[in-house]
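Thanks for coming. I have one chain to go through today, so please look at it on the screen while I talk.

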Amino acid sequence: MLDVRVRSQVGFEPERRGSHPYLYVDFRTLHSRPEAARPVSARNVRRLLSFQRYLHSSRFFHGIPASNPLGYILDDDFTGQAKLMLQKVGNWNFDIFLFDRLTNGNSLVNLTFHLFNTYGLIELFQLDMVKLRRFLVMIQEDYHCQNPYHNAVHAADVTQAMYCYLQEPKLAETLTSCDILLGLLAAATHDLDHPGVNQPFLIKTDHYLAALYKNSSVLENHHWKSAVGLLRESDLLSHLPTEDRLNMEERLGSLILATDISRQNDYLSEFRTHLDKGELCLTNGGHRHFILQMALKCADICNPCRPWKLSKQWSEKVTEEFFHQGDIERKHNLEVTPLCDRQSNSVANIQIGFMAYVVEPLFVEWSRFSDTRLSMTMMSHLSLNKQGWKEGKDKQEASSSRVSEEQRTPATKDSNSKVLPQGSKGS
């Protein structure tokens, strides 16, 4: 069963990209009435607007607009910078925020298409380039741009990280083209249509998705089914045999479901057991799939392992999203999730705990599996970032103590100035 876009019962509505979507629409297409015309759903209209907006901004389909050569020159300059960045897409210091600005908010589309082309997946799987572009645009559009964290830029960042892991020697030497295709697709769609709140929120507000998936991996199931829906809507894989296509959809789901943070310990325990016994054999399809799951899990929460400049931005964005959920819970008299309570939490506290109990245990095991320069770099950044948040927390606490002390001091002085003279007269 393929579900539709998330609809909230208590306060957050999907918001579409672009303040003026009507500027570049071919209204003849919208208002044409073929003989067998069917009602056009709002979803399909949004699809049309989204794809036409992308076509308008993409030099892949357009020449120089004579009406605005200056705009073209600027766009060409930015496109050139974006292309230069893509030459270093395997660099762990890749700045996805800058790349998103250079591509006019199309980082997920451009990065994923580039990686498909880099691996030769378009030719290997005989993918129609227009269908692929449309599919990627639909993916990007189905991320909620108003989410501070779970948006298309996060998906692009995870896809870039996944590419870095796919390039690691153990994986590069053994992964099949199908493994790579699914790994990139899973990274790009792993949080598709994320509503900006977590699973417990959906459960306690009786959201229909919680009932649909029986309170189990609610968001991850929705991301997967949404991704399958877009694959079918775009007909991207329609030329493949039905059995192969269904198998790929199932494997895609298995990868996305592995990102459920509530099952982190299960996957980590299995990973540790495999490593302790030395039984991972990547010529085995099942073992390769498991490593892809672990790679996607690492890519999904790798922000603390990025350079401080990038990591800090992600930390602030995810905390902003947490606190927004807490604000909604408080507004509607729901129990406020402790992690989402801005009155009792801080970015530093959340990040220090997240790094110590979630990120570090996972990346320690990944480093055991893939003992490379990249793993050493990630662990080094993780250590430095954790120390950075601890120092920031200590400074903030010291500053708060100093302010409190200064606020008490004047009161003491005033009290002494009144008491002492009276005592001297009495004597």
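Where is Asp235 found? Asp235 sits in the loop between helix 13 and helix 14. Before going further, the ground rules. This is a predicted model, in which local features need pLDDT of at least 70, side-chain atom pairs count only at pLDDT 80 or more, and totals for chains, interfaces and linings use all residues. Residues are numbered from 1 along each chain as its sequence is written, and side-chain values use heavy atoms, with hydrogens and water left out.

Back to Asp235. Asp235 is not a glycine, yet has a positive phi of about 60°. With a relative accessible area of 37%, Asp235 is partly exposed; buried means under 20% relative accessible area, exposed over 50%, and partly exposed in between, with a 1.4 Å probe and protein chains only. Asn104 is also a non-glycine residue with a positive phi of about 60°. Asn104 is in the loop between helix 4 (96-102) and helix 5 (107-118), and at 58% relative accessibility Asn104 counts as exposed.

Now the overall picture. The chain has 19 helices and zero strands. Helices (H or I, at least four residues) and strands (E, at least two) are DSSP runs, numbered from the N terminus. Of the 427 residues, 48% count as buried. Among contacts with a separation of 6 or more, 75% are between residues 24 or more positions apart; a contact means heavy atoms within 4.5 Å.

Next, the core. The largest nonpolar core has 97 residues. By nonpolar core I mean a set of buried Ala, Val, Leu, Ile, Met, Phe, Trp, Tyr and Cys residues joined through side-chain atoms within 4.5 Å. The residues with the most contacts inside this core are Trp92, Ile96, Phe116, Tyr165, Phe363 and Trp366. Helix 8 (residues 152-166) gives the largest share, 11 residues. A second, separate core has nine residues, including Val197, Leu202, Tyr213 and Leu219. As background, nonpolar side chains in soluble globular proteins tend to be buried together.

What is Trp92 in contact with, leaving aside its neighbours within four places in sequence? Among its partners are Ala161, Cys164 and Tyr165, then Cys302, Cys305, Arg306 and Pro307, and further along Leu374, Thr377, Met378 and His381.

Now three helix pairs. Start with the two helices on either side of Asp235. Helix 13 (residues 218-234) and helix 14 pack at about 150°, with their axes 9 Å apart. Axes are lines fitted to C-alpha atoms, for helices over the stretch in contact, and angles run from 0 to 180 degrees between N-to-C directions. Helix 13 and helix 14 are therefore roughly antiparallel; under 35 degrees counts as roughly parallel, over 145 as roughly antiparallel, 65 to 115 as roughly perpendicular and the rest as oblique. Trp224, Ala227 and Leu231 are among the helix 13 residues in this contact, and Leu252, Gly253 and Ile256 are among those from helix 14. The residues of this contact divide into eight nonpolar, three polar and four charged. Here Ala, Val, Leu, Ile, Met, Phe, Trp, Tyr, Cys and Pro count as nonpolar, Asp, Glu, Lys and Arg as charged, and the others, Gly among them, as polar.

Helix 14 (residues 242-257) also packs with helix 10 (residues 177-189), at about 55° and with axes 9 Å apart. That makes helix 10 oblique to helix 14. From helix 10, Leu181, Leu182 and Leu185 are among the residues that meet helix 14. By class, this contact has nine nonpolar, two polar and two charged residues.

The third pair is helix 16 (residues 285-300) and helix 18 (residues 347-369), whose axes come within 11 Å and cross at roughly 135°. Helix 16 and helix 18 are therefore oblique to each other. Ile291, Met294, Ala295, Lys297 and Cys298 in helix 16 meet Leu362, Phe363, Trp366 and Phe369 in helix 18. The classes here are eight nonpolar, no polar and one charged.

Is Phe369 buried or exposed? At 4% relative accessibility, Phe369 counts as buried. Its contacts beyond four places in sequence include Lys170, Leu171, Phe271 and Leu275. Phe369 and Phe271 are 98 residues apart in sequence, with C-alpha atoms 9.1 Å apart.

Last, Pro304, in the loop between helix 16 and helix 17 (308-331). Pro304 is buried, at 3% relative accessible area. Beyond its neighbours within four places, Pro304 is in contact with residues including Ser311, Phe354, Met355 and His381.

That is what I have; please ask away.
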